[in-house]
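User: I should like to understand the reasoning behind the labels applied to this model. Please set each value against its criterion.

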Amino acid sequence: MTRIAFIGLGTMGLPMAHNVLRAGYDLTVYDIMPDPVERLAADGARAAGSPREAAEGCDVVITMLPTSREVEAAVLEEDGVYAGLAPGSVHIEMSTIEPSATRRFAASAEQRGIRVMDAPVGKSSAAAAAGDLTIMVGGPAELLEEHRALLSTMGSTIHHCGEVGAGEVVKLVNNLVTGGICVVVAEAIVLGTKAGADPNILVDVMGGTLAGNAQLESLFRASVFKGAFEPGFKTRLMLKDARLGVGMADELNVPVPVCALVKELYGTAVQRGLGDRDFGSYTTLVEEVAGVQARVGEARSQTATVG
Ligand code: NAD
């Protein structure tokens, strides 16, 4: 049986690891926080005390960590994954990090006979729980085919984007758009609300026109209108992605002034204490200045601030 190690059991990693376990893989898990490790151990996973220990004897190690800093610590340090993996094994890097960092890890892994592919994911923690993620793979096509069944336990759509790092390129471009849409929709809906429109009607109308986008239902109607800002996707991670996307644009000399502004706005949101809230909480900054909240139903009557 293929032995898998999963490192990073947060908002996304915990449900993803659960799906790997449910699919019948032999799973070892590691996180710096004990709680998610204990939860998976209670369901039959083995708990490891370090990334190295998690990796020992495994065929595949998956990392799902916040930034390249944590991935670097988890894979390259003395007690890291690469010290524990045998030649011929595989590291699947599923965090959203710099394409250049993924390539650097791959080069280091190659010296030890370890193969690497990047496979960052799109969609939400709910999609992670449902095994319905979109997965963007960078690496040799044959490596993807070898591990397609494993990836399919976590995602329903798998795109082969190119060589190592290409999955991260596609993911960063995707998230520049995701972050921008949220800011524009937040501003427009708060404006419409202050001008007297019902937020639900705004979403109904926009959803049927060229203003339509998936966040209207899955983020605004499902969470923002209820005043629900539990992550989801943390604002600090959206800021990280915006920085990485704009950084990639700088490196390649591509003008992205609107994306750069969106990055600044998420920076403000983090400075204002929203880093660990869902990125949809950016809306509250607009609401605060506007003096109106885009809430409906119970949330509307509780907050009673819709003008
Ligand atoms: P998270 O902050 O909820 O979870 C990160 C986990 O990593 C935590 O459990 C933390 O304790 C653990 N961790 C931190 N440092 C560690 C280390 N050195 N060793 C082991 N464990 C460590 O983050 P998340 O939302 O699960 O996101 C993970 C990655 O996936 C990020 O790169 C993010 O940008 C990306 N992503 C997130 C979403 C989302 O909706 N949340 C969607 C797509 C992609």
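**Cysteines and ligand contacts**

Analyst: In this predicted model, a search of the whole structure finds zero disulfides.

User: How do you know that C161 is in no disulfide?

Analyst: The cysteine sulfur nearest to that of C161 belongs to C259 and is 19 Å away. A disulfide requires two cysteine sulfur atoms within 2.5 Å, so C161 is in no disulfide.

User: What makes C259 a residue in no disulfide?

Analyst: For C259, the nearest cysteine sulfur is that of C182, 14 Å away. The cut-off is 2.5 Å, and therefore C259 is in no disulfide.

User: Why is C161 called partly exposed?

Analyst: Its relative accessible area is 26%. Buried means under 20% and exposed means over 50%, so C161 falls in between and is partly exposed.

User: Why does C259 count as partly exposed?

Analyst: C259 has a relative accessibility of 22%. Because buried requires a value under 20% and exposed a value over 50%, C259 is partly exposed.

User: What makes the approach of the ligand to P66 a polar contact?

Analyst: An oxygen atom of the ligand lies 2.9 Å from a polar backbone atom of P66. The limit for a pair of N or O atoms is 3.5 Å, so the pair is a polar contact. The protein covers 90% of the 840 Å² of accessible area that the ligand has on its own.

User: Which residues are closest to the ligand?

Analyst: T11, M12, D31, P66 and K240 are the closest of the 26 residues that surround the ligand.

Conventions:
Residues are numbered from 1 along each chain as its sequence is written. This is a predicted model: local features need pLDDT of at least 70, side-chain atom pairs count only at pLDDT 80 or more; totals for chains, interfaces and linings use all residues. Side-chain values use heavy atoms; hydrogens and water are left out. Buried means under 20% relative accessible area, exposed over 50%, partly exposed in between (1.4 Å probe, protein chains only). A residue is near a molecule or strand if one of its heavy atoms lies within 4 Å of it. A polar contact is a pair of N or O atoms within 3.5 Å; within protein, one must be able to donate a hydrogen and the other to accept it, and residues adjacent in sequence count only if both atoms are side-chain atoms. Accessible areas come from the Shrake-Rupley method with a 1.4 Å probe; for residues, only the protein chains shown count as cover.
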